[in-house]
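Work through the exercises below with the model in view. Try each task before you read its solution.

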Amino acid sequence: MAPDAQQVGLRIRATRRKRKMTLAELSAQTGLDKGFLSRLERGEKFGSVGTLHTVATVLGTPLSALLGEVDPKDEIHI
């Protein structure tokens with residue numbers, strides 16, 4: 001199932017805010033346009049795998065986390 005652009009955007013925004021990073025800082029560190037990143041966070045745009053990988057790397061999170069893929073071992077509750 002393809003990831004939903006809006007859900008990916010919300011995960012990017014939540015992760016960025018958790019890292020106490022502004023859009024301008026994310027833009028500076030990724031080399032991506034601030035307006036593009038804003039649209040990405042709002043789900044109006046969907047980044048390429050390379051773009052999302054860059055964002056994930058700067059945010060210090062796995063790409064799979066931004067895409068909403070869960071690790072099966074994270075799903076096990078005893």
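## Exercise 1: A helix pair

Helices H1 and H4 pack with their axes 10 Å apart, at an angle of about 25 degrees. The model is predicted.

**Task.** Decide whether H1 is roughly parallel or roughly antiparallel to H4, and list the residues that make the contact.

**Solution.**
1. Start with the angle, about 25 degrees.
2. Angles under 35 degrees count as roughly parallel, so H1 is roughly parallel to H4.
3. Next, the handedness: H1 and H4 cross in a left-handed way.
4. Now the contact. H1 brings Val8, Ile12, Thr15 and Arg16. H4 answers with Leu52, Val55 and Leu59.

## Exercise 2: The fold

**Task.** State how many helices and strands the protein chain has, and what share of its residues is buried.

**Solution.**
1. Count the elements: 5 helices and 0 strands.
2. Read them from the N terminus: α-α-α-α-α.
3. Of the 78 residues in the protein chain, 32% are buried.

## Exercise 3: The core

**Task.** Find which helix gives the most to the largest nonpolar core, and trace what Ile12 touches.

**Solution.**
1. The largest nonpolar core holds 15 residues. Ile12, Leu26, Leu37, Leu40, Leu52, Val55 and Leu59 have the most contacts inside it.
2. Helices H1 (5-18), H2 (23-30), H3 (34-41), H4 (49-59) and H5 (63-67) each supply at least two residues of this core.
3. H4 gives the most, with 4 residues.
4. Leave out residues up to four places away in sequence: Ile12 then touches Leu40, Glu41, Leu52, Val55, Leu59 and Leu66.

Technical notes: Residues numbered from 1 in each chain as written. Predicted model: local features only at pLDDT ≥ 70, side-chain atom pairs only at ≥ 80, totals over all residues. Heavy atoms only, no water. Buried < 20%, exposed > 50% of the residue type's maximum accessible area, 1.4 Å probe, protein only. Core = buried A, V, L, I, M, F, W, Y, C linked by side-chain atoms within 4.5 Å. Contact = heavy atoms within 4.5 Å. Axes fitted to C-alpha atoms, helices over the stretch in contact; angles between N-to-C directions. Parallel < 35°, antiparallel > 145°, perpendicular 65-115°, else oblique. Left-handed = near helix turned anticlockwise from the far one by under 90°.
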